[in-house]
Number of protein chains: 2
Amino acid sequence: MASLDPSLISGMPMFADFDQNALVAFVGKGHCHLVAKNHHVFSQDEEAHSFFLLLDGYVRVEQVRPGGEVIIVRYASAGELIGIAPALGRTTYPANTIAVVDCVVLGWPCSIWRDIVSRYPSFAAGVGQTIGARLQEAHDRIAEMATEQVQQRIANALLRLANQTGRKTEDGILIDFPISRQDLSDMTGTTLHTVSRTLSAWEKQGIVRSARKRIEILSGHRLVLIADNRA
Amino acid sequence: MASLDPSLISGMPMFADFDQNALVAFVGKGHCHLVAKNHHVFSQDEEAHSFFLLLDGYVRVEQVRPGGEVIIVRYASAGELIGIAPALGRTTYPANTIAVVDCVVLGWPCSIWRDIVSRYPSFAAGVGQTIGARLQEAHDRIAEMATEQVQQRIANALLRLANQTGRKTEDGILIDFPISRQDLSDMTGTTLHTVSRTLSAWEKQGIVRSARKRIEILSGHRLVLIADNRA
DNA sequence: TGCAAACGTTGAGCCCGATCAAATTGTCAA
DNA sequence: TTGACAATTTGATCGGGCTCAACGTTTGCA
């Protein structure tokens, strides 16, 4: 792996108070990896030796429950920190993280975490915000599961995906990586059958267009109405 | 309010690397408040001016959703930090926090947060662990709502309450503050009717003993079986 | 090229838990 | 002590979404 260009990360607010030397030094301490589609970046309960920055691609973060069920915690896209176990006071990773397309990640040993956090307030603040957002999102999902119909939950999940990882196309917003009905049902706590039926119905109404492992949102507006239980 | 005894907090791991002077100085910067039962410690969306340590009592942390529904995020008991908005990169509180019994809280202005966190690694680590635990708990609840029956969710909620805030009695574990069926249904995403029926059934089987706003667990063992769907 | 496995669609039936309704009991304030 | 209200219990009914089942389609691998 040739030397990495610090400009890869210099634009991120998290690195605002790294000067040029610090950036070079920090990037120099990292190891760059390619992770092929469907391979793990790291695994649940594994000793957390490194934390990572996703430079390119998309990963799925999932937890396997004691009973064997799988929930999809979230999808992460380029620019996000992943595997930040040390920020949560953990020595093992809490979840599986799997590349859904070929990915590029930059990893650092957890041993340098404490030094980085204490030396660079912008980094510490960025991590705090990241975790705060994840916590809020988790509570949003709890509230959804508690109070909303399956239709609304699926609509919300699609909207979240579109916001986090969507790519604009001619006709609407395309979710830019392969995602199956089973994945959607794991995100919304329902069955793939119901997801399939729901998407079929939406497709007839022109709200989405979907194919195998591919979903495009044609009318975000109507999807928002459904999510708010107004349609 | 007379001067506070630093020994109130010196035993907590979070303050492990505060020396005696630092403890005195830190406690000295705080303001002690009594919060009467059913009064807010702070309110959702309010400007976060302070963070708090709950010295005595129990508080309910709840979020009001845009649609007006209420979810109970958790109950916190003595020794826990609450209102730590700055750790999440927020300037407002994300939730209502309400005393369920008369409480004593110690509050510090958020302006000193950054200094404390950077100066005392044990504090920063403790905060990280706290947030990590909350995130994990949120994901546990998402998984429960996605995969478990109502009975199991209620059993899990009771077990969580017992772990976090239970007090041992002769016959079992008493949940040490007033909690209504409505509260339990807000925690589990069901209706108070179902909670009522379920508790009545359990009472007949000798698993719990309950009265108005009061629940005692007689057989934690059988409750665990129900939570795991083995009974 | 052909096969097997994964993915997606659709239908029928039914159960769990929500909704509507109403009586009862316990608690607090006057 | 008593009235008023909040909390709880219980019954009856209804419907959304899960389960079970079968079939069609695409992908990837040999």
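Four helices, α5 (150-165) and α7 (192-204) of chain A together with α6 (181-188) and α7 (192-204) of chain B, each supply at least two residues of the surface near DNA strand D. Helices (H or I, at least four residues) and strands (E, at least two) are DSSP runs numbered from the N terminus. The model is predicted: local features need pLDDT of at least 70, side-chain atom pairs count only at pLDDT 80 or more, and totals for chains, interfaces and linings use all residues. Residues are numbered from 1 along each chain as its sequence is written, while chains are lettered from A and ligands numbered from 1 in the order in which they are written.

**DNA strand D**

- Strand D is surrounded by 20 residues, and the closest are A:Q149, A:T194, B:S180, B:S196 and B:S200. A residue counts as near a molecule or strand if its C-beta atom, placed from the backbone, lies within 6 Å of it.
- The helix that gives the most to the surface near strand D is α7(B), with six residues.
- By class, this surface near strand D has three nonpolar, twelve polar and five charged residues. Ala, Val, Leu, Ile, Met, Phe, Trp, Tyr, Cys and Pro count as nonpolar, Asp, Glu, Lys and Arg as charged, and the others, Gly among them, as polar.

**DNA strand C**

- Strand C is surrounded by 20 residues, the closest being A:S180, A:S196, A:S200, B:V150 and B:T190.
- Here α6 (181-188) and α7 of chain A, with α5 (150-165) and α7 of chain B, each supply at least two residues of the nearby surface.
- α7(A) gives the most to the surface near strand C, with six residues.
- The surface near strand C divides into three nonpolar, twelve polar and five charged residues.

**The two protein chains**

- Chain B can be laid on chain A with an RMSD of 0.1 Å by a turn of 180° and a shift of 0.0 Å along the axis. The two copies are thus related as by a two-fold rotation axis. Copies are superposed by least squares on the C-alpha atoms of residues with pLDDT of at least 70 in both.
- The same surface serves both copies, as 100% of the contact residues of chain B recur in chain A. Two residues are in contact if their C-beta atoms, placed from the backbone, lie within 7 Å.
- The contact takes 30 residues from chain B and 30 residues from chain A.
- On the side of chain B that touches chain A, β5 (70-77), α3 (113-119) and α4 (121-147) of chain B each supply at least two residues. Of that side, α4(B) gives the most, with 17 residues.
- By class, the side of chain B that touches chain A has 14 nonpolar, ten polar and six charged residues.

**The nonpolar core**

- The largest nonpolar core has 128 residues, and those with the most contacts inside it are A:V59, A:I142, A:L158, B:V59, B:I142 and B:L158. A nonpolar core is a set of buried Ala, Val, Leu, Ile, Met, Phe, Trp, Tyr and Cys residues joined through C-beta atoms within 7 Å.
- A residue is buried if 20 or more other C-beta atoms lie within 10 Å of its own, exposed if 12 or fewer, and partly exposed in between, with C-beta atoms placed from the backbone.
- Leaving aside neighbours within four places in sequence, B:V59 is in contact with residues including B:V41, B:L54, B:A76 and B:I82.

**A sheet in chain B**

- An open sheet of four strands in chain B has the order β1-β8-β3-β6, with antiparallel pairing. Two strands pair if DSSP finds at least two bridges between them.
- The edge strands are β1 (31-35) and β6 (81-82) of chain B, each of which pairs on one side only.
- β1(B) and β8 (residues 103-109) of chain B pair over five bridges, and B:C32 stands opposite B:L106 in β8(B).
- Six bridges join β3(B) to β8(B), where the bridge partner of B:F52 is B:G107.
- β3 (residues 50-56) of chain B pairs with β6(B) over two bridges, and the partner of B:L53 in β6(B) is B:L81.

**Single residues**

- A:N38 has a positive phi of about 70° although it is not a glycine. A:N38 is found in the loop between β1 (31-35) and β2 (40-42) of chain A, and is exposed, with 12 other C-beta atoms within 10 Å.
- B:D45 has a positive phi of about 75° and is not a glycine either. B:D45 lies in the loop between β2 (40-42) and β3 of chain B.
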